[in-house]
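Biologist: I'm new to this structure and would like a close look at just one part of it. Could you pick a helix, walk me through its surroundings, and then show me some charged pairs?

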Amino acid sequence: RGQRGRPAAPAPRAMDTRRWLGAKARRFIGGLVRTKPLNVAIREGENATLKRCLSKWDLIAIGVGCTIGAGIFVLSGVAARDKAGPAVTVSFLMAGLACIFSALCYSELAARVPVSGSAYSYAVVTVGEFAAWAIAWNLTLEYTLSAAAVSVGWAGYFVSMLRGFGVDVPLWVNQLVIYEYDAPPRGNYSHPNVTLPAAALAPSSAAPVNGTAPLPIDVDAPDGIKLNFLALIILTLLTMVVAMGAKVNSIMNNVVVVITLVAVLFCIGAGCAFIEPPNWANFLPYGVEGVLGGTAMVFFAFVGFDAVACSAEEAKNPKRDLPIGVIASLVIVTVLYVAVSAVLTLMVRFDLIDPHAPLADAFGHHGAGWAQVIVAVGSLCALTTTILTTLQAQPRIYFSMARDGLLPRFMSYVNPRLHTPLVSILVTYVFSGVLALVVDINTLADMVSIGTLFAFTLVCVAILLLRYRPADDARHHDAFGASA
């Protein structure tokens with residue numbers, strides 16, 4: 001007994017402590033795996049504040065523009081020369097087939113969960129908030145860094161093209177050195193992602209556009225911290241287009257995609273006049289292992305078709321048009337990659353292909369150096385549409401995250417006149433602009449594809465979970481609504 005005859009307070013029991021800790025742990029884990037009810041997600045899509053103005057053709061153009069990039073003029077040559085030889089056509093077919101399975105999962109999810117956010121929105125409905133949060137930042141690596149990296153490549157390509165025409169462009173336009181330091185020699189760029197042309201780090205010797213040498217992209221600037229004002233300018237201009245609304249953005253994207261496709265089809269058609277069937281005499285110079293290695297290299301050339309799903313709340317008929325946009329864009333890109341690689345390896349023997357500018361060099365090899373102008377224009381347009389579509393996709397992910405409470409609410413603000421997530425667009429522009437201004441293309445390229453495989457894998461898992469998921473009950477609906 002305690003003082004003055006009062007009973008002493010009972011000692012805390014270990015069992016109560018364990019129960020308390022267990023309840024806290026269950027609550028914490030429950031928050032991580034809490035999912036959004038499917039009916040809530042569908043209702044959000046139906047009551048979208050974004051303007052529904054995109055047709056199936058607009059969605060196909062978004063998928064093609066974000067996927068094809070300038071790599072179609074370069075990647076096939078690099079893979080043929082170093083990995084698979086003429087069998088690079090098989091490599092592209094195998095990589096396209098692998099992506100088709102992921103695209104089918106995207107298509108079904110887009111039809112059943114027609115909301116903006118792509119893989120993030122699918123994950124928050126099926127896997128849980130923590131996995132969705134993680135996949136959202138992986139997609140940020142894919143889109144935001146791609147916009148920055150391709151802007152740097154666009155600036156270099158544009159400057160080199162002007163110099164090829166004899167225009168004297170000051171070095172400070174895209175490589176203003178503010179701090180010099182000694183660095184080891186830089187090698188040639190060979191990252192497989194389609195959004196960056198391998199020619200972007202070609203040797204810096206000046207060469208005329210209509211000559212037989214590859215277009216020079218990098219110039220002889222000292223190593224150090226550099227500011228790329230031209231990359232920032234192109235990002236600013238295209239961000240203004242994206243902010244003006246989905247329809248304005250889609251019109252410009254459609255025009256640039258058509259120009260790109262015309263350039264690609266021209267290369268295919270003109271190249272057929274110079275094919276030499278004996279170049280395929282040794283179709284498998286590196287064996288089956290080379291074909292598989294080529295498949296691994298060109299797989300990332302198909303990254304980007306998932307950007308179609310980010311525009312779900314701006315599609316006129318998302319349940320019908322989103323699957324068409326995803327599948328059709330991937331099929332078109334696959335056919336173009338196979339055709340370009342087949343023509344290229346028939347024009348030039350695989351071991352003689354120039355890895356920096358294979359198509360341009362192939363035409364020069366046959367005395368058609370004038371075709372390099374078409375290749376240069378097509379590459380520049382391909383880079384432009386890649387920047388434009390990535391700048392459109394990323395803000396929709398921020399918008400969806402903010403609507404679910406995983407980012408500040410103000411990022412879900414939609415301008416009532418333009419019907420665009422203006423704050424999310426500005427945040428994307430700031431992040432991409434800073435990276436494009438101060439970070440070199442090598443560093444950006446190494447970071448672009450980190451989350452791609454994770455996103456594809458999670459989408460395939462999500463479709464299995466959604467198929468066997470029980471119907472959402474009202475209690476689950478209220479719990480998510482209160483937490484959000």
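Modeller: Here is a walk around helix 11, followed by a look at salt bridges. Keep in mind that this is a predicted model.

Let's start with helix 11 on its own. Helix 11 covers residues 318-347. From its first C-alpha to its last, this 30-residue helix reaches 42 Å, close to the 44 Å expected at 1.5 Å a residue. Helix 11 is mostly covered, too: 21 of its 30 residues are buried.

Now for a partner. Helix 9, made of residues 246-271, packs against helix 11 at an angle of about 35°, and the two axes are 9 Å apart. The crossing of helix 9 past helix 11 is left-handed. On the helix 9 side, the contact is made by L261, V264, L265, C267, I268 and G271. Helix 11 brings L336, A339, V340, V343 and M347. Sort the residues of this contact by type and you get 10 nonpolar, one polar and no charged.

Charged residues turn up elsewhere, and the structure holds seven salt bridges. Take E314 and R396, whose closest N and O atoms are 2.5 Å apart in their salt bridge. E314 sits in the loop between helix 10 (287-298) and helix 11, while R396 belongs to helix 13 (residues 371-403), so this pair ties together parts that are 82 residues apart in sequence. Both ends are tucked away: E314 is buried at 0% relative accessibility, and R396 is buried as well, with a relative accessible area of 1%.

Another salt bridge links D351 with R349, with 2.7 Å between the closest N and O atoms. Here D351 is partly exposed, at a relative accessible area of 36%, and R349 also counts as partly exposed, at 42% relative accessibility.

One more pair sits inside a single helix. E108 and R112 both lie in helix 5 (residues 88-112), four residues apart, which is about one turn of the helix. An α-helix has 3.6 residues a turn, so residues three or four places apart point the same way. E108 and R112 form a salt bridge, with their closest N and O atoms 3.9 Å apart. As for cover, E108 is partly exposed with a relative accessible area of 22%, and R112 counts as partly exposed at 30%.

Terms used
Residues are numbered from 1 along each chain as its sequence is written. This is a predicted model: local features need pLDDT of at least 70, side-chain atom pairs count only at pLDDT 80 or more; totals for chains, interfaces and linings use all residues. Side-chain values use heavy atoms; hydrogens and water are left out. Axes are lines fitted to C-alpha atoms, for helices over the stretch in contact, and angles run from 0 to 180 degrees between N-to-C directions. Helices (H or I, at least four residues) and strands (E, at least two) are DSSP runs, numbered from the N terminus. A crossing is left-handed if the near helix is turned anticlockwise from the far one by less than a right angle, and right-handed if clockwise. Contact means heavy atoms within 4.5 Å. Ala, Val, Leu, Ile, Met, Phe, Trp, Tyr, Cys and Pro count as nonpolar, Asp, Glu, Lys and Arg as charged, and the others, Gly among them, as polar. The expected span of a helix is 1.5 Å times one less than its number of residues. Buried means under 20% relative accessible area, exposed over 50%, partly exposed in between (1.4 Å probe, protein chains only). A salt bridge is a side-chain nitrogen of Lys or Arg within 4 Å of a carboxyl oxygen of Asp or Glu.
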